[in-house]
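The following report describes selected local features of one protein model. Please consult the sequence and the three-dimensional view while reading.

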Amino acid sequence: MSDLLPFRPLQSKDGLSHNTVWCALQDKYGFIWLGTENGLTRYEGNNSHRYYNIPDNLGSLGNNRVHALMEDGEDIWVGTNTGIFIYRRATDSFEFFNGETRYNVTINCETRKIFKASDGRIWIVTLGQGIFIYDPSGKTLHQNISQTSLALDICEHDGFIYVSCVRSHVLRF
């Protein structure tokens, strides 16, 4: 008996927006969202819907290079090379996440990971601006760039948040 599981590749010829996939998410409805080098694909089993940046269309995806996905209620947060766009299911459109820190800093670089912690805060890991923490209840955004500006990934374990960074170190919050 073979240890290999059978699989069928999903490619652009099957409706994927690009063959390079950076991230994936299964939403609460069972749809698979795939962030690619050239847009976002919602795969529905037999059909797919592709989302791209359409110049001069404020409701379109703002950047086609998608690196991070996170579901929050009915919304899907989409991390791109130029910040975060929130997909609003009710209108089938996107809006730019324009949260600002108290120093008027916005997220405008490559977003590598978006993570909702057990306390409800949303952690945003960027490659260039460090770590942002968004508190949806107070609509406040805080930036932590003191330890690193080059963060890659994040997880939570036993009440601590761990962030991996370029140059082989991990931060624990």
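Is K139 buried or exposed? The model is a predicted one, and in it K139 has a relative accessible area of 64%. Since the cut-off for exposed is over 50%, K139 counts as exposed.

**Residues with positive phi**

Most residues other than glycine have a negative phi. K139 departs from this pattern, with a positive phi of about 55 degrees although it is not a glycine. K139 is located in the loop between β11 (131-135) and β12 (140-144). D56, likewise not a glycine, has a positive phi of about 70 degrees. The loop between β4 and β5 holds D56, which counts as exposed at 85% relative accessibility.

| Residue | Phi | Relative accessibility | Loop |
|---|---|---|---|
| D56 | about 70 degrees | 85% | between β4 and β5 |
| K139 | about 55 degrees | 64% | between β11 and β12 |

**A buried loop residue**

N63 also lies in the loop between β4 (48-51) and β5. Because its relative accessibility is 17%, and buried means under 20%, N63 counts as buried. The side chain of N63 is joined to that of T82 by a polar contact of 3.5 Å.

**The four-stranded sheet**

Strands of a sheet pair through backbone hydrogen bonds, either parallel or antiparallel. Here, an open sheet of four strands follows the order β5-β6-β7-β8, and the pairing is antiparallel. Each of β5 and β8 (93-96) has a single partner strand and stands at an edge, so one side of each is left without a neighbour in the sheet. From one strand to the next, the twist averages 25 degrees. Between β5 and β6 (residues 75-80), which run antiparallel, there are six bridges. In this pairing, L69 stands opposite V78 in β6.

**The largest pocket**

The volume of the largest pocket is about 160 Å³. Two or more lining residues come from each of β1 (21-26), β5 (66-72) and β9 (110-116). Which element gives the most to the lining of the largest pocket? The answer is β9, with five residues. The lining includes W22, C23 and A24, together with H67, A68, L69 and M70. Also among the lining residues are R112, K113, I114, F115 and K116. By class, eight lining residues are nonpolar, one is polar and three are charged. L69 thus appears in two settings: it lines the largest pocket, and L69 stands opposite V78 in the sheet pairing.

How values were computed:
Residues are numbered from 1 along each chain as its sequence is written. This is a predicted model: local features need pLDDT of at least 70, side-chain atom pairs count only at pLDDT 80 or more; totals for chains, interfaces and linings use all residues. Side-chain values use heavy atoms; hydrogens and water are left out. On a 1 Å grid over the protein atoms alone, a cavity is a set of points where a 1.4 Å probe fits but cannot get out, and a pocket is an open set with protein on both sides within 12 Å along at least five of seven lines; lining residues have an atom within 4 Å of a point. Grid points are joined across faces, edges and corners, and a volume is the space filled by probe spheres set on the points. Ala, Val, Leu, Ile, Met, Phe, Trp, Tyr, Cys and Pro count as nonpolar, Asp, Glu, Lys and Arg as charged, and the others, Gly among them, as polar. Two strands pair if DSSP finds at least two bridges between them. Axes are lines fitted to C-alpha atoms, for helices over the stretch in contact, and angles run from 0 to 180 degrees between N-to-C directions. Buried means under 20% relative accessible area, exposed over 50%, partly exposed in between (1.4 Å probe, protein chains only). A polar contact is a pair of N or O atoms within 3.5 Å; within protein, one must be able to donate a hydrogen and the other to accept it, and residues adjacent in sequence count only if both atoms are side-chain atoms.
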